[in-house]
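Colleague: I am new to this structure, and I would like to understand how its labels are earned rather than simply accept them. Could we go through the reasoning step by step?

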Amino acid sequence: MRLARKLARRSMFQDMWNPQKEHEAISALFGGKGTVRVWNLYTGEFTPPFTAVLACELEPGGSVGPHVQQEDDELVLALEGHGAAYVDGQRVALEPGSLVGLPVGKTLALENASNEAVLRYLIIKAR
């Protein structure tokens, strides 16, 4: 039974990053480098305060440039890969299981530390 649940979870995660599913591929996001692919997982079925749930995949060596959280508080949850988040210029290591909180008004930048593997993370926004 445990193996079946583990395989189901693995399948769910693999499907989340399916390049055949509708997603955006954004180059040089906020002045960064490379491409980040974004899948919108939010269907509107959650109750407030949640406003967005995004699955993101930052290509090897890529970055997301600094940008201010303008409307919603945000959580960044690292799932795969290794990199860094910069919150108001302060470096926070990103590795699977890392969680970074960003209240409105904070500045965020991200980088993928690997030149070979993607950095996968979730962004959860709430008011």
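Modeller: Gladly, bearing in mind that this is a predicted model. A good place to begin is Asp72, which is buried, with a relative accessible area of 10%, and which lies in the loop between S4 and S5.

Colleague: Why is Asp72 called buried?

Modeller: The word buried is kept for residues under 20% relative accessible area, and because Asp72 has 10%, it counts as buried.

Colleague: Which residues is Asp72 in contact with, leaving aside its neighbours within four places in sequence?

Modeller: With that restriction, Asp72 is in contact with Thr51, Leu102, Val104, Lys125, Ala126 and Arg127. Among these, Thr51 offers its side chain for a polar contact with the side chain of Asp72, at 2.9 Å, and the side chain of Arg127 does likewise at 2.7 Å.

Colleague: What makes the pair of Asp72 and Arg127 a salt bridge?

Modeller: The rule asks for a side-chain nitrogen of Lys or Arg within 4 Å of a carboxyl oxygen of Asp or Glu, and the closest N and O atoms of Asp72 and Arg127 are 2.7 Å apart, so the pair qualifies as a salt bridge. This pair links distant parts of the chain, since Asp72 is in the loop between strand S4 (63-68) and strand S5 (73-80), while Arg127 is in the segment after strand S10 (119-126), 55 residues apart. Unlike buried Asp72, Arg127 is exposed, because its relative accessible area of 61% is over 50%.

Colleague: How many salt bridges are there by this rule?

Modeller: The count comes to seven salt bridges. Another of them joins the side chains of Glu80 and Arg120, at 3.3 Å from N to O, and that pair links Glu80 in strand S5 with Arg120 in strand S10, 40 residues apart.

Colleague: How do you know whether Glu80 and Arg120 are buried or exposed?

Modeller: Arg120 has 17% relative accessibility, which is under 20%, so it counts as buried. Glu80, at 34%, falls between the limits of 20% and 50% and therefore counts as partly exposed.

Colleague: What ties Lys106 to Asp88?

Modeller: Lys106 forms a salt bridge with Asp88, the closest N and O atoms being 3.2 Å apart. Lys106 lies in the loop between strand S8 (99-102) and strand S9 (107-112), and Asp88 in the loop between strand S6 (83-87) and strand S7 (90-94), so this salt bridge ties together parts that are 18 residues apart in sequence. Lys106, at 32%, and Asp88, at 40%, are both partly exposed.

Colleague: Which residues do salt bridges with shared partners join into one network?

Modeller: Arg37, Glu57, Glu80 and Arg120 are joined in this way.

Colleague: What lines the largest pocket?

Modeller: The largest pocket, with a volume of about 320 Å³, is lined by 20 residues, of which Phe30, His67, Glu74, Ile123 and Lys125 lie nearest its centre. By class, the lining has 13 nonpolar, three polar and four charged residues. Strand S2 (35-40), strand S3 (50-58), S4, S9 and S10 each supply at least two residues of this lining.

Colleague: How many helices and strands does the protein have?

Modeller: The protein has one helix and 10 strands, and of its 127 residues, 34% count as buried. Among contacts with a separation of 6 or more, 61% are between residues 24 or more positions apart.

Note on methods. Residues are numbered from 1 along each chain as its sequence is written. This is a predicted model: local features need pLDDT of at least 70, side-chain atom pairs count only at pLDDT 80 or more; totals for chains, interfaces and linings use all residues. Side-chain values use heavy atoms; hydrogens and water are left out. Helices (H or I, at least four residues) and strands (E, at least two) are DSSP runs, numbered from the N terminus. Buried means under 20% relative accessible area, exposed over 50%, partly exposed in between (1.4 Å probe, protein chains only). On a 1 Å grid over the protein atoms alone, a cavity is a set of points where a 1.4 Å probe fits but cannot get out, and a pocket is an open set with protein on both sides within 12 Å along at least five of seven lines; lining residues have an atom within 4 Å of a point. Grid points are joined across faces, edges and corners, and a volume is the space filled by probe spheres set on the points. Ala, Val, Leu, Ile, Met, Phe, Trp, Tyr, Cys and Pro count as nonpolar, Asp, Glu, Lys and Arg as charged, and the others, Gly among them, as polar. A polar contact is a pair of N or O atoms within 3.5 Å; within protein, one must be able to donate a hydrogen and the other to accept it, and residues adjacent in sequence count only if both atoms are side-chain atoms. Contact means heavy atoms within 4.5 Å.
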